[in-house]
Amino acid sequence: MSDKTRGGQFIVKETKCEDIFTPEDFNEEQLMMRDSVREFVDKEIWPNKNRFENKDYAFTEESMRKAGDLGFLSVAVPEAYGGMGMGFVNTVLVCDYISGATGSFSTAFGAHTGIGTMPITLYGTEEQKQKYVPKLATGEWFGAYCLTEPGAGSDANSGKTKAVLSEDGKTYSITGQKMWISNAGFCSVFIVFARIGEDKNITGFILENTKDNGISFGEEEHKLGIRASSTRQVFFNETKVPVENMLSERGNGFKIAMNALNIGRIKLAAACLDAQRRVITGAVHYSNERIQFNTAISQFGAIRSKLAQMATSCYAGESATYRAAKDIEDRITARESEGVSHQESELKGVEEYAIECSILKVAVSEDVQNCADEGIQIFGGMGFSEDTPMESAWRDARIARIYEGTNEINRMLSVGMLIKKAMKGHVDLLGPASKVQEELMGIPSFDTPDYSELFAEEKEMIGKLKKAFLMVAGGAVQKYGPDLDAHQQLLMAASDILIEIYMAESTILRTEKLAKTNGADTIKEQIAMAQLYLYQAVDIVTQKGKESIISFAEGDEQRMMLMGLRRYTKYVNMPNVVGLRETITSKLVAENAYCF
């Protein structure tokens with residue numbers, strides 16, 4: 001398998017723009033899929049926004065059935081089980097465009113297709129898949145996923161729900177309480193995690209939601225956002241499940257849960273993209289129409305700065321999400337071509353890019369919140385009113401930083417997984433990190449570089465930011481070794497550096513690829529977004545790098561590392577930030593929409 005297909009390696013390797021996939025590379029089938037999903041949302045979801053806000057759970061279910069009729073629930077399901085069997089990029093694409101109008105529907109969709117159906121497709125026996133997946137793929141049945149408990153949230157493996165084998169060995173009896181269960185109100189099948197005996201790890205089960213089997217529900221939860229997503233507690237009281245409904249093998253539940261969440265994470269990032277596009281378009285419309293001081297407010301610098309920022313974050317999120325989606329798809333295809341089963345290929349493909357999935361989950365969920373927040377601000381008092389869509393967008397965005405693993409957990413995971421990969425020899429971190437240390441001892445070059453080519457300086461800057469990460473993370477690993485896990489604040493800071501590098505690099509590579517295809521003069525706004533994103537990423541790396549260095553290093557070592565950080569975050573030619581924002585906003589305002 002070619003070397004470039006490893007997850008996490010972006011931090012030690014240079015990626016060429018030809019080697020990444022971008023939204024501009026969608027083929028005809030993908031464009032048709034995107035348009036049909038958009039049409040569904042514009043016809044069925046967007047006009048009924050108030051029904052979702054008024055907690056019309058029945059309408060959420062009805063909309064899910066319509067999505068099922070159109071085949072949208074079956075994109076990722078293999079053809080053998082009644083699905084469309086499309087590639088991973090298509091799965092992410094549908095998730096992106098179906099999620100833009102309301103978080104209520106997008107949560108129902110994500111919970112069903114992701115954590116409700118996926119675990120059976122990826123871990124089920126042939127019999128289980130034949131029995132359940134076709135019904136889930138069409139929307140005849142809906143799925144829900146029961147992992148979280150009152151005492152087991154981020155620490156998912158600490159659940160108390162018990163599974164006890166009957167004397168005749170034919171059934172397990174499940175007892176326990178699950179909470180925050182999406183789709184609980186209308187699902188037909190639960191994926192339930194429970195502990196057998198004193199097992200170290202939990203076990204997964206496929207449990208049908210039938211009457212008189214000891215299943216009861218709490219009331220619908222009253223939530224800040226995603227109001228028409230059915231969220232209830234589920235109580236199991238000696239609920240019987242046949243032994244053949246165990247998912248994978250005993251004690252494998254924690255692994256199933258983690259891998260389902262990896263897939264969930266990149267899909268959650270995708271689910272935050274179209275929401276941003278719609279918020280930006282709404283904000284541009286309003287700012288063009290709203291007149292104050294005899295001027296459209298879109299002409300005021302304070303508003304223009306916000307619009308530029310919103311568009312830049314959205315563009316970066318798209319760039320990074322589709323880059324990772326295609327890397328995962330390529331990995332799956334490569335495995336299948338070696339004769340590995342679809343199940344195993346998909347599992348390993350996503351697991352390989354778990355670091356990128358965590359990075360995306362954090363970055364894009366935080367961007368969608370900022371985007372909605374600025375959307376409210378641009379609308380002013382109207383933004384705070386339920387009469388405009390900004391208010392619900394802001395409330396719906398808030399959950400994205402909590403579910404599929406909180407952003408804090410995902411930050412620590414991204415760096416933790418990278419270090420584990422280095423220990424296993426999958427990503428060589430130590431070699432490049434010691435090279436950086438040697439470089440710090442040497443005399444820096446004072447040559448004037450040639451930056452005549454587009455993005456020459458920006459790409460050099462990305463290379464330097466990678467060195468800054470290796471210096472900071474390498475220094476922390478050297479100091480604390482395996483105890484680094486206990487130093488969460490350092491992990492969080494290192495993770496912010498890692499996230500910014502992946503996002504900034506993806507944005508620059510997408511834009512460079514676009515420039516090579518269309519000519520740089522036709523995409524000056526995209527170039528401005530790539531440069532603006534990088535400039536802000538450099539600021540974050542500077543701040544987080546400094547915070548880390550002064551917290552774990554002292555004396556000469558500290559002075560040398562701070563000097564290194566300055567060297568690795570120094571521009572030769574600073575960009576004109578206000579000028580970049582002006583370029584971006586002029587295009588948005590002229591087109592009256594997010595148009596990239």
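Before I start, one definition: helices, at least four residues long, are DSSP runs and are numbered from the N terminus, and I will use those numbers throughout. Please keep in mind as well that this is a predicted model.

Let me begin with the whole chain, which holds 19 helices and 10 strands. Its radius of gyration is 24 Å, close to the 25 Å that the globule rule gives for 596 residues, so the chain is as compact as a globular protein of that length. Along the principal axes, the C-alpha trace spans about 80 × 60 × 45 Å. Of the 596 residues, 58% count as buried, and, if we take the contacts between residues at least 6 apart in sequence, 78% of them join residues at least 24 apart.

Now to the second largest pocket, where about 620 Å³ of space lies. Its lining is made of 20 residues, and those nearest the centre are Pro444, Ser445, Lys464, Arg567 and Lys570. Two elements, H15 and helix H18 (555-568), give two or more residues each to that lining, and H18 gives the most, with 4 residues. If we sort the lining by class, we find 9 nonpolar, 3 polar and 8 charged residues.

Since H15 has just come up, let me stay with that helix for a moment. How far apart should its ends be, at 1.5 Å a residue? H15 covers residues 456-480, which is 25 residues, and the expected span is 36 Å because the rule multiplies 1.5 Å by one less than the number of residues. The end C-alpha atoms of H15 are in fact 36 Å apart, which agrees. The residue that follows H15 is Gly481, and its phi is positive, near 55°.

Turning from the pocket to enclosed space, the count comes to 2 cavities of 30 Å³ or more. The largest cavity has a volume of about 100 Å³, and it is lined by 15 residues, of which Leu73, Val75, Ala76, Thr113 and Lys267 are the closest to its centre. Helix H4 (88-98) and helix H5 (103-123) each supply at least two residues of this lining, with the largest share, 5 residues, coming from H5. By class, the lining of the largest cavity has 9 nonpolar, 5 polar and 1 charged residues.

The second largest cavity holds about 30 Å³ of space. Its lining consists of Met118, Pro119, Leu122, Tyr123, Ile256, Asn259, Ala260 and Leu347. Here H5 and helix H7 (253-271) each supply at least two residues, and H5 again gives the most, with 4 residues. This lining divides into 7 nonpolar, 1 polar and no charged residues.

Finally, I would like to look at one residue, Phe205, which sits in strand S5 (residues 203-208). Is Phe205 buried or exposed? Its relative accessible area is 0%, and buried means under 20%, so Phe205 is buried. Leaving aside residues up to four places away in sequence, Phe205 touches a list of residues that includes Ala163, Tyr172, Ile174, Phe190, Val192, Val241, Asn245 and Leu247. Phe205 can also be placed relative to Gly253, which is 48 residues away in sequence, with the two C-alpha atoms 8.4 Å apart in space.

Notes. Residues numbered from 1 in each chain as written. Predicted model: local features only at pLDDT ≥ 70, side-chain atom pairs only at ≥ 80, totals over all residues. Heavy atoms only, no water. 1 Å grid on protein atoms, 1.4 Å probe; cavity = no way out; pocket = protein on both sides within 12 Å on 5 of 7 lines; lining within 4 Å. Points joined across faces, edges and corners; volume = space filled by probe spheres on them. Nonpolar A, V, L, I, M, F, W, Y, C, P; charged D, E, K, R; others polar. Rg over C-alpha atoms; globule rule 2.2 N^0.38 Å. Buried < 20%, exposed > 50% of the residue type's maximum accessible area, 1.4 Å probe, protein only. Contact = heavy atoms within 4.5 Å.
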